[in-house]
Amino acid sequence: MASLSKAGAALAALREDLAGDVITPEDPGYDEARAVFNAMIDRRPAVIAQCANEADVGRSVRFARDLDLKIAVRGGGHSVAGMALNDGGLVVDLRRMHEVTVHPGAAAVRVEGGATMSHMDRATEPHHLATTGGRASTTGVGGFVLGGGSGWLERKFGLAIDNLLGVDLVTADGSTVHASAEENPELFWALHGGGGNFGVATALTLRLHELPEFAMAMLLYRPESGPEVARVFREIMETGPVEAAGGVLYMTGPPEEFVPEHLVGTLLCGALVTYAGSQEDLRKTVQPLLALPHEVEMVTAIPYADLQCMIDDPPGMRNYWSAEYLTGAPDELLDVFCARADTMPVPTGTQHVLFPLGGAVADGPREYPVPYRDSPWAVHPFGIWEDPADDERCMRWVRDVRADVRPWSTGAVYLNFIGDEGEDRVEAGLGAENTRRLAAVKTQYDPDNVFRFNHNIAPA
């Protein structure tokens, strides 16, 4: 760390130079500026640079390097491990950089690095265009895409990285670089799953697809019906159209208008089917689920951007998630999955999810560092609760789910679904051979591991 006099002068210069704002612990709004969606994360950075443009990002990186400050990068702030923050370092906060520019004729969209899914989806929807986004509107586009990008549209349009056309990046020395298939192709390859290891993504360009209609079905059942619901859902996803996605999930009955009062606060089994097409075609697809005795039925056309907002994580909650990607979903796996719901923390916001991949995910480009592409199913224990006294039981339940399904695990994982689970899990999310290749790219663009608040790839 530099001397106090040097640090003070450098901070004053940064405040003067930035088009955006600089916030330190003494400033009003500091606690608000450092809050992230996971209430378990309580970190106190020394400086938060709320950047307004790419030049601000480069200036902030150079400031931190000069003072030997750790650097974290905040887009949506949705990392369950709180990777958008650090203690005593600099946060490059991109949230002011959320402009979205749609190019309908080119079927492409340019998204600034601080934009969320809602920014992107609301901009593309008037053109009846979309690309694969996260499963919540508050997710940051940058971290989501660079981490691989799994969402409701992936069976139809592929992973988000399959639709990545270019990235503008500020590197560890504060300079700017563009990566695409033609320009810096090895860096471009690394950005297809390698996350924020190589720099700060100030803008991403993504391919768009026509999406004139969208629909969803949400059916709620008594929990004892779960094994039968899961089997019917499996059949629909394995034999039905790739337009259909969604998941089987156990949840606490929410206090919503569509849930009967006597079911609020109780364990329920749900079948969510999203559909990249018409309500009529969706209803035909989910007919076998409708034929099962159920407590709640909602089948409706809905704008895709509205669906994205329906399951946003409520702010201020405590979060702990993980995932296992599976070789298949045989009856025994379904029974084990459903049985674990009996110990799920209820009533909380926790969800116990089994969802399909396949379709365009499995058919996508083979060369990128996403080893879970061939997994047809995944289990995603999604712990959400409010009371710190529940930390241990909720986190233990998530770990128990992983242990239950390990006999069917491929060993691969989608890194955006997990927190800090160690180096082995990072390699599981990238592939051993890919990790070595990524380390060489890391060495070229970030030899000092400046960008290490992420699923980190150490320089070679």
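1. In this predicted model, Arg-222 is partly exposed, its relative accessible area being 34%. Glu-295 is likewise partly exposed, at 33%. The side chains of these two residues form a salt bridge, with an N to O distance of 3.4 Å. The pair connects distant parts of the chain, 73 residues apart. Arg-222 belongs to the loop that runs between strand 12 (215–221) and helix 8 (226–239), while Glu-295 sits in the loop between helix 10 (287–290) and strand 15 (296–301).

2. A further salt bridge pairs Arg-231 with Asp-331, whose closest N and O atoms are 3.5 Å apart. Here too the link is between distant parts of the chain: Arg-231 lies in helix 8 and Asp-331 in helix 12 (residues 331–340), with the two positions 100 residues apart in the numbering. Arg-231 has a relative accessibility of 24% and is therefore partly exposed, since the buried class ends under 20%. Asp-331 is also partly exposed, at 36%.

3. The third pair is contained in a single helix. Arg-396 and Glu-392 both fall within helix 13 (residues 391–405), four residues apart, which is about one turn of the helix. Their side chains meet in a salt bridge at 3.6 Å, N to O. Arg-396 is partly exposed at 41% relative accessibility, and Glu-392 is partly exposed with a relative accessible area of 45%. Neither value reaches the exposed class, because that class requires over 50%.

4. Elsewhere, salt bridges with shared partners combine into one network, whose members are Asp-31, Arg-34, Asp-42 and Arg-44. For the structure as a whole, the count of salt bridges is 32; the pairs Arg-222 with Glu-295, Arg-231 with Asp-331 and Arg-396 with Glu-392 are among them.

5. Attention may now turn to the nonpolar interior. The largest nonpolar core comprises 74 residues, and Leu-187, Phe-198 and Tyr-325 have the most contacts inside it. A second core, separate from the largest one, has 40 residues. Ala-215, Leu-326, Leu-333 and Val-398 are included in this second core. Members of a nonpolar core are buried by definition, so Leu-333 of the second core is buried, whereas Asp-331 is partly exposed.

Conventions: Residues numbered from 1 in each chain as written. Predicted model: local features only at pLDDT ≥ 70, side-chain atom pairs only at ≥ 80, totals over all residues. Heavy atoms only, no water. Salt bridge = Lys/Arg side-chain N within 4 Å of Asp/Glu carboxyl O. Buried < 20%, exposed > 50% of the residue type's maximum accessible area, 1.4 Å probe, protein only. Core = buried A, V, L, I, M, F, W, Y, C linked by side-chain atoms within 4.5 Å.
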